[in-house]
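Let's go through this one by asking why things get the labels they do. Have a look at the chains first, then we'll take the labels in turn.

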Amino acid sequence: MTTRYLLGSLLSAVVTLAGLPVWLVPRAARFWAAWHRDRAGWLLAEPRRPPFPAWPPSPAWLTLPGRPSLRARITRARAADGRTLRAVLWLPVNIVTGLVLGLPALLCVGNIAVAVIATPLWWAFPFEERPRLFIDVPVPDWGTALTLGPLQIGLLLAVARWVLPPPARLHARICTTVLAYETKERLADRVAELTRTRAEVLDAHGAELRRIERDLHDGTQARLVAIAMRLAIARDAFADRPRDDDLLERLIRESHEGIEEAMTELREVIRSVYPPILADRGLDGALAALTAGCGVPVRLALGDVQRIPAAVAAVAYFTVAEALTNVTRHSGAGSADVRAGRTADRLVLMISDDGTGGADERRGSGIAGIRRRVRALDGTAVLDSPAGGPTVVTVELPCGW
Amino acid sequence: MRVVIAEDNVLLSSGLELLLGRAGFQVAAVAVDAAGFLAAVREHRPDVTIVDVRLPPGFSDEGIRAALQARREFPGLPVLVLSQYVEQQYAAELLATSGGGLGYLLKDRVSRVDGFIDALRRVAGGGTAMDPEVIAALVQRAGDPIAALTPREREVLALMAQGLANDTIGQRLTITANAVHKHIGNIFAKLGLAVSDNGHRRVLAVLTYLNAAR
């Protein structure tokens, strides 16, 4: 791995040198530098995003209305200026470090290749051009070939294994040090990101409020009006002489049925706003009830899920409920796993199954609903479902601590 | 028949008192929290109790816990739990206590007075009254073994699991009690359960089965 990194660095130094005019274009310089920064970060094992495919682009109603504010654009432009400057200054550094630190790796790999070819094929070369092992030892016979060849391969593999990693790490560290973001830039980036996500959160939250309003307005409220009307007529008709008992009976019966329907609807709305079991049992109890009630056996692994804010717990509950509904309906899975726990300031949920995979968000599975709710809390939701399975839904929700 | 009620909402408890009084029950006490309920049960030794799931001070699942506690103290004490919503989990916890005399219904069902009074009488007599929603969820979850049943057998199973007697099931489905009996025989055979004609033991067998099945 480190050898590959060093060879890449050498190649990159050559490409940087050869394409110097291209890299002086600010955008190209920033891109080239950022790519190397990620690459170095990867070698130094900095935390990276999980290797899941990204979600499809957000639907139109979730995108930012209009352009970002002037101040946000200026902040971002200033941050970009600083980054361009550093990216351009980094170019010569990359050429020098790449060549100096990359060459030993090339020599090492090259000589392994020589030994690999020379050991079985030394006799195929004309006498004067016989391949040389250990730099300058010609191979005259099988005895030398079979001793020195494997020895050279072994020694150089050992070099690659134990000697090359420090220079690789040195290269990566120089790269990240030169390209490291200044605190100011980091903050500017964070502010830009927070501004964007806050707008999205407000939008998503507004959409959620409108949905609840619509459910109550078109459903329960309309029903109550209809019931009140019937009861008003019944009250009126009660005083009629002669009294129409059939009409009264019908009005009261319809009112009764209407109230029952209103109760059912109201229960659904309440459940969609904040599931009662969460209020009763907390997130751990609610998830336990949810997994126990699933159609396929579910293993539940809970980390610390105490003191999760109510809004986060509600979204977590819906996520697991929707994901498990998908597991039962579409996956053909024999079992599923639900994991929930806190890492730093986030609640992380992972729902996986051993089903057939190939879940497609566009085919109206509940995943769009999960994403809508998760976005409303500035969280991330990732679906990984290759054909043939398994399907893994990973959701991270900031808890605001 | 004497009843102890645990319900903190005065509108609901007075409605229940009115309804129970008209049906010939005697309301011995109305408690507004779990401690009051347990005290009232100890004092009055009622024939049946009605418990709201949410009670002060926490308004979470105090009612369920009070009901379980009361049944530990007085094994077989008939308890009908009422709630604005139903959870399989609560049904399972109630069913895990030994003996019959258990009910778990949505508050909505109270407005169907005849059905509610019938359920309360069943519970008082050591029978079972499970909300159709709980049963529907259990049946749906049970999946494969239930799929082997005919649609009619599934209907009978759902009604039987609610705790209804053969003749009531027959009336609901407009078939004879004899036909119900036959269907039940088939259901028990297909699910591999020992046939038992004893009312609530049969229900418990079915509920336990559904509760454990996936």
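Q: What makes two strands count as paired here?
A: Two strands pair if DSSP finds at least two bridges between them. With that rule, chain A of this predicted model has an open sheet of five strands in the order 3-4-5-7-6, with mixed pairing.

Q: What makes strand 3 and strand 6 of chain A the edge strands?
A: Each of them pairs on one side only. As for twist, neighbouring strands in this sheet are turned by 10° against each other on average, direction ignored.

Q: How do you know that strand 5 and strand 7 of chain A pair?
A: At least two bridges are needed, and strand 5 (residues 346–353) and strand 7 (residues 391–398) of chain A have eight, in the antiparallel sense. So they count as a pair. One place to look is A:Arg346, which stands opposite A:Pro398 in strand 7 of chain A.

Q: Which helices pack on this chain A sheet, and which strands do they touch?
A: Helix 10 of chain A touches strand 3, strand 4 (336–343), strand 5 and strand 7, and its direction makes about 10° with that of strand 5 of chain A. Helix 11 of chain A touches strand 6 and strand 7, and its direction makes about 155° with that of strand 6 of chain A.

Q: Why is A:Arg307 called exposed?
A: The cut-off for exposed is 12 or fewer C-beta neighbours within 10 Å. A:Arg307 has 11, so it counts as exposed. It sits in the loop between strand 3 (298–302) and helix 10 (310–331) of chain A, and its phi is near 55°, positive in a residue other than glycine.

Q: Why is A:Asp378 called partly exposed?
A: Buried needs 20 or more neighbours and exposed 12 or fewer; A:Asp378 has 18 inside 10 Å, so it falls in between. A:Asp378 also has a positive phi, near 65°, and its place is the loop between helix 11 (367–375) and strand 6 (380–384) of chain A. Most residues other than glycine have a negative phi.

Q: What makes the bond from A:Arg241 to A:Pro242 cis?
A: Its omega is near 0°. A:Pro242 is in the loop between helix 7 (183–238) and helix 8 (245–273) of chain A. Chain B has a cis bond too, joining B:Pro56 and B:Pro57 with omega about 5°; B:Pro57 lies in the loop between strand 3 and helix 3 (62–73) of chain B.

Q: In the chain B sheet, why does strand 2 have one side without a neighbour?
A: The open sheet has six strands in the order 2-1-3-4-5-6, with parallel pairing. Strand 2 (26–31) and strand 6 of chain B stand at the edges with a single partner strand each, so one side of each is left without a neighbour in the sheet. The twist averages 20° from one strand to the next.

Q: How do you know that strand 5 of chain B has partners on both sides?
A: Count the bridges against the minimum of two. Strand 5 of chain B makes five parallel bridges with strand 4 (residues 79–83) and three, also parallel, with strand 6 (residues 128–130). B:Leu80 is the bridge partner of B:Gly103, and B:Leu102 that of B:Thr128.

Q: What makes strand 5 of chain B mostly covered?
A: Four of its five residues (102–106) are buried, and buried takes 20 or more C-beta neighbours within 10 Å.

Q: Which β-α-β unit is right-handed and which left-handed?
A: Clockwise, with the strands pointing away from you, is right-handed. Strand 4, helix 4 (residues 88–95) and strand 5 of chain B make a right-handed unit, while strand 5, helix 5 (residues 113–124) and strand 6 of chain B make a left-handed one.

Q: Which residues touch the most other members of the largest nonpolar core?
A: Of its 62 residues, they are B:Phe37, B:Val51, B:Leu80, B:Val81, B:Tyr104, B:Met160 and B:Ala161. Helix 8 (residues 151–162) of chain B gives the most to this core, with six residues.

Definitions and conventions:
Residues are numbered from 1 along each chain as its sequence is written. Chains are lettered from A and ligands numbered from 1 in the order in which they are written. This is a predicted model: local features need pLDDT of at least 70, side-chain atom pairs count only at pLDDT 80 or more; totals for chains, interfaces and linings use all residues. Helices (H or I, at least four residues) and strands (E, at least two) are DSSP runs, numbered from the N terminus. A nonpolar core is a set of buried Ala, Val, Leu, Ile, Met, Phe, Trp, Tyr and Cys residues joined through C-beta atoms within 7 Å. Axes are lines fitted to C-alpha atoms, for helices over the stretch in contact, and angles run from 0 to 180 degrees between N-to-C directions. Two residues are in contact if their C-beta atoms, placed from the backbone, lie within 7 Å.
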